[in-house]
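Let's take a walk through this one together. Keep the viewer open and follow along as we go.

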Amino acid sequence: IAVSKVQPPERVAEVLEQGQRIFGENRVQEAQGRWPAFQARFDGIALHLIGPLQTNKARAAVEMFDAIHSLDRPKLAQALARLAQERGACPDLFVQVNTGAEPQKAGILPDAADAFIAEARAMDLPLRGLMCIPPAEEDPAPHFRLLGTIAGRNGLAGLSMGMSDDFEIAVALGATHVRVGSAIFGARTG
């Protein structure tokens, strides 16, 4: 997933012209301002919401994104389930797991993940996998292994883990989705 958040439109266009079609955005409003024009110009674009999703932005998110990697609380699951029933469709969903139990980060704590996954499945939500962002100062491998263990025991194939600095480790540990920004676009300018 090419992380295009805060990248200037000309850089995104260059990456699209090179054939990349899966992009990650952090904010619904930024994506709404950026992607309609690109979608009119380029076929086959898939958008993934990789940042936190406020419940009041859920409708816009399900209309714009092909996947949401930040399902992290029951209230959001309920909102997405309601919207899925209304629309008859829902983006692929990844449950965000806070593998480092960091208080400043969103995500279900590892000990609560199995129950939350069961709760989301009971709402008929299309869970495809799990996502994590390991603590910046720690070795990511134990976090990636923990995510894989939780996914495995819950029958989830998708593992959204790894970014520009650690995606090789994530791929070696089973990542199906890596979120790469600076390794594709260069250092962020804004």
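A nonpolar core, as meant here, is a set of buried Ala, Val, Leu, Ile, Met, Phe, Trp, Tyr and Cys residues joined through side-chain atoms within 4.5 Å. What you're looking at is a predicted model, and its largest core of that kind has 52 residues. Within that core, Trp 35, Leu 71 and Leu 80 touch the most other members. Helix 4, residues 74-87, supplies the largest share, 6 residues. As a background rule, nonpolar side chains in soluble globular proteins tend to be buried together.

Let's start with the sheet. It's an open one, built from 8 strands in the order 1-2-3-4-5-6-7-8, and the pairing is parallel. Which strands stand at the edges? Those are strand 1 (2-3) and strand 8 (177-179); each has a single partner strand, so one side of each is left without a neighbour in the sheet.

Now go to strand 4, residues 67-71. Of its 5 residues, 5 are buried, so the strand is largely enclosed by the rest of the structure. On one hand, strand 4 pairs with strand 3 (residues 46-49) in the parallel sense over 2 bridges, and Ile 68 of strand 4 is the bridge partner of Leu 49. To get from strand 3 to strand 4, the chain passes through helix 3 (residues 58-64), and this β-α-β crossover is right-handed.

Strand 4 also pairs with strand 5 (residues 92-96), again in the parallel sense, over 3 bridges. Here Ala 67 stands opposite Asp 92, while Ile 68 stands opposite Leu 93. The route from strand 4 to strand 5 runs through helix 4, and that β-α-β crossover is right-handed too.

Two residues in this part of the chain deserve a click. Leu 71, one of those that touch the most other core members, has a long contact list even when its neighbours within four places in sequence are left aside. Among its partners are Leu 76, Ala 77 and Leu 80, then Leu 93, Phe 94 and Val 95, and further along the chain Phe 116, Ala 120, Leu 125 and Leu 127.

Ser 70 sits in strand 4 as well. Is Ser 70 buried or exposed? With a relative accessible area of 0%, Ser 70 is buried. So what does its polar side chain find in there? A polar atom of that side chain lies 2.5 Å from the backbone oxygen of Gly 51. Not counting residues up to four places away in sequence, Ser 70 touches Leu 49, Gly 51, Pro 52, Leu 53, Leu 76, Phe 94 and Gln 96.

Next, the aromatics. The structure holds 3 aromatic pairs. In one of them, Trp 35 and Phe 38 have their ring centres 5.3 Å apart with 55° between the planes, which makes a tilted pair. Both lie in helix 2 (residues 28-41), 3 residues apart, or about one turn of the helix, and both are buried. Phe 38 also pairs with Phe 42: the ring centres are 6.5 Å apart and the planes are at 50°, so this pair is tilted. Phe 42 is buried, as is Phe 38. Add Phe 23, and you have one aromatic cluster of Phe 23, Trp 35, Phe 38 and Phe 42.

Finally, a few loop residues to check. Ala 101, in the loop between strand 5 and helix 5 (113-122), has a phi near 50°, a positive value in a residue other than glycine. Ala 101 is partly exposed, at a relative accessible area of 48%. Asp 124 has a positive phi as well, near 65°, and lies in the loop between helix 5 and strand 6 (127-131). With a relative accessible area of 63%, Asp 124 is exposed.

Asp 165 is in the loop between strand 7 (158-163) and helix 7 (167-172). Asp 165 is exposed too, with a relative accessible area of 77%. How far is its C-alpha atom from that of Ser 182, 17 residues apart along the chain? The two C-alpha atoms are separated by 8.9 Å.

Note on methods:
Residues numbered from 1 in each chain as written. Predicted model: local features only at pLDDT ≥ 70, side-chain atom pairs only at ≥ 80, totals over all residues. Heavy atoms only, no water. Buried < 20%, exposed > 50% of the residue type's maximum accessible area, 1.4 Å probe, protein only. Helix = DSSP H or I, 4+ residues; strand = E, 2+ residues; numbered from the N terminus. Contact = heavy atoms within 4.5 Å. Phe/Tyr/Trp six-rings, centres within 6.5 Å; stacked < 30°, edge-to-face > 60°. Polar contact = N/O pair within 3.5 Å; in protein donor to acceptor, adjacent residues only side chain to side chain. Pairing = 2+ DSSP bridges. Right-handed = clockwise from strand over helix to strand, strands pointing away.
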